[in-house]
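Work through the following exercises with the sequence and the model side by side, and try each task before reading its solution.

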Amino acid sequence: MEWLIYAFLLIIIPLFLFIVPLKKWRKLPPPPGPPGLPIIGNMLMMDQLTHRGLDHLSKIYGGIFQLRLGYLNAVTISKPEMARQVLQVQDNIFSNRPATMTITYLTYDRSDLAFANYGPFWRQMRKLCVLKLLSRRCTDSWASVRDNIDSTVKTVATKIGSSIDIRELGCNLTKAIIFRAAFGAQISIEDRDEFTSIVEEFSRLFGAFHIGDFIPWLKWMDFQGINKRLKRARLALDQFIDRIIDEHLANPKEVDAPTADMVDGMLVFLREVDGGKVTSETGDDLQEFAGITRNNIKAVIMDIMFGGTGSIANIIEWTMAELLKNPKEMKLVQQELAEVIGMDCTVKESDLDSLSYLKCVIKETLRLHPPTPLLLHETAENCEVAGYFITKQSRVMINVWSIGRDKSAWEDADLFKPGRFAPDGDSANIDFKGNFFQLLPFGSGRRSCPGIQLGVYAVELALANLLHSFDWTLPDGMKSSELDMGDTFGLTAPKAVHLVAVPSLRLNYPSVRLIW
Ligand code: HEM
């Protein structure tokens with residue numbers, strides 16, 4: 001009798017655990033896609049891995065298709081319902097991130113938040129970032145937004161009648177916000193310039209092509225000398241942030257102090273590895289947290305630099321461009337600002353809730369120009385989407401740009417019509433917080449953007465003040481129809497040609513002079 005029980009355990013259980021599921025998967029076809037060559041697969045189509053290239057391929061192969069890049073399967077999703085399958089229904093399987101060799105090295109072996117795989121470490125880092133660095137309670141980050149927008153408006157006021165590069169204006173503003181939030185008000189101009197060049201080199205290296213990412217047995221090849229650049233870049237970051245950390249350690253602050261910055265926030269959890277001890281007590285909501293290392297701090301600071309700076313500046317530039325291209329919409333937003341704020345003062349945080357049309361304009365801009373057009377995820381297990389078999393460790397690209405322009409989800413999908421989100425519009429109930437899979441500028445589910453509150457606040461307050469304080473025209477008599485609306489593709493998708501516009505004073509001058 002006993003042998004019967006053993007036979008059951010040895011034969012039936014493995015059958016159910018392995019063979020039955022395998023058979024289930026085997027019946028399913030892989031997603032459609034273009035035929036590939038031996039070994040390299042579709043690597044000759046690498047130039048198509050942009051939001052526009054993948055959108056074009058989705059018109060041929062459908063809302064889900066697969067490219068084989070060497071040994072890597074890359075699946076693209078371009079329909080809202082399939083995005084829901086991936087980001088909500090099977091979120092647990094799709095919450096890993098793909099990381100190239102370059103990214104792994106530059107993030108200290110993925111010891112950050114954005115590239116860490118889903119699991120206990122990621123959960124703790126996410127909790128730390130959300131509660132201690134990016135929430136409304138982190139007062140300095142938010143004060144940094146207000147102060148830096150005030151000084152941007154004052155700078156524009158000194159350039160009335162001259163051409164202003166809006167991309168540059170937005171980048172300088174967001175860099176100032178994020179630098180001060182991360183390192184505190186004391187950071188010098190020289191330090192800012194030094195750190196900007198480190199971030200720029202990281203950004204160039206993140207996009208670098210390495211054959212070993214696709215054909216692992218060719219990992220040793222380094223045609224472009226990337227390895228040397230990687231080592232130099234990480235050393236520069238080590239030296240810079242170690243100095244900042246040491247300065248902060250020498251001058252400790254209470255995390256709740258009004259002048260505490262993100263480095264102060266993280267130092268509370270610092271575990272100096274050399275000494276092997278936890279240097280300070282952990283906070284209430286992270287009692288079980290074993291602490292973080294200097295490398296974690298460096299990697300998270302880089303996440304915040306990349307997450308914050310490009311996207312906020314991008315939205316400001318695209319919104320201004322769409323409003324200059326659509327003067328009727330510009331008039332509606334400015335009319336709302338005049339009615340809500342009056343013409344004697346600038347916009348304050350408490351006014352933002354009343355600016356409902358401005359919010360519609362920003363939403364519509366995010367639909368047409370999401371700053372991160374492709375969400376990058378990776379599968380943790382074999383699974384099924386829409387009747388297709390997706391293998392474990394597939395790279396999954398959710399084409400948010402394509403989904404935002406999907407003709408079956410949006411009426412007049414290619415037109416800029418903010419009124420669709422107004423209370424009487426056909427998309428009035430749709431928000432961008434990840435609940436509606438046709439609009440995903442901040443992603444959805446576990447890996448969605450933790451900086452959404454801070455980011456939206458900065459975008460709304462900056463645009464409200466720029467549009468309320470000034471009237472804007474295109475330079476040299478350029479007509480709105482002549483404005484170039486093309487984009488480029490990198491980690492984000494900014495306008496291909498920088499937007500240049502000319503401000504004129506809009507508010508009642510004597511009262512505004514008192515404020516400025
Ligand atoms: C306002 C403009 C912003 C937009 C449109 C934006 C968009 C996004 C998107 C699309 C993702 C990926 C979601 C996914 O993969 O499903 C993301 C992730 C992330 N964002 Fe943002 N973001 C913005 C602002 C910020 C700010 C201000 C910060 C920090 C200061 C930030 C930090 C991050 C981080 C750390 C992640 C990685 C989260 C993780 O993997 O768990 N973002 N963001």
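**Exercise 1.** How many helices and how many strands make up the secondary structure of the protein?

*Solution.* The model is a predicted one, and its secondary structure comes to 16 helices and 11 strands. Turning next to burial, one finds that 42% of the 516 residues in the protein are buried. As for contacts with a separation of 6 or more, 73% of them join residues that lie 24 or more positions apart.

**Exercise 2.** Describe the shell around the ligand, beginning with its residues and ending with their classes.

*Solution.* Begin with the count: 26 residues surround the ligand, and the closest are Gly307, Gly443, Cys449, Gly451 and Gly455. Then assign the shell to elements, where helix H5 (120–134), helix H11 (294–325) and helix H15 (452–469) are those that give two or more residues. The largest share comes from H11, which supplies seven residues. Finally, sort the shell by class, which yields 15 nonpolar, eight polar and three charged residues.

**Exercise 3.** Decide whether cysteine 449 is buried or exposed, and set out its surroundings.

*Solution.* First locate the residue: cysteine 449 is found in the loop between helix H14 (400–404) and H15. Next count its neighbours; because cysteine 449 has 21 C-beta neighbours inside 10 Å, and the cut-off for a buried residue is 20 or more, cysteine 449 counts as buried. Leaving aside neighbours within four places in sequence, cysteine 449 is in contact with Phe442 and Gly443, and Gly443 is, like Cys449, among the residues closest to the ligand. Last, consult the record: an unreviewed UniProt entry places the feature "binding site" at Cys449.

Key
Residues numbered from 1 in each chain as written. Predicted model: local features only at pLDDT ≥ 70, side-chain atom pairs only at ≥ 80, totals over all residues. Near = placed C-beta within 6 Å. Helix = DSSP H or I, 4+ residues; strand = E, 2+ residues; numbered from the N terminus. Nonpolar A, V, L, I, M, F, W, Y, C, P; charged D, E, K, R; others polar. Buried ≥ 20, exposed ≤ 12 C-beta atoms within 10 Å, placed from the backbone. Contact = placed C-beta atoms within 7 Å. UniProt positions renumbered as here; feature names shortened; annotations may be inferred.
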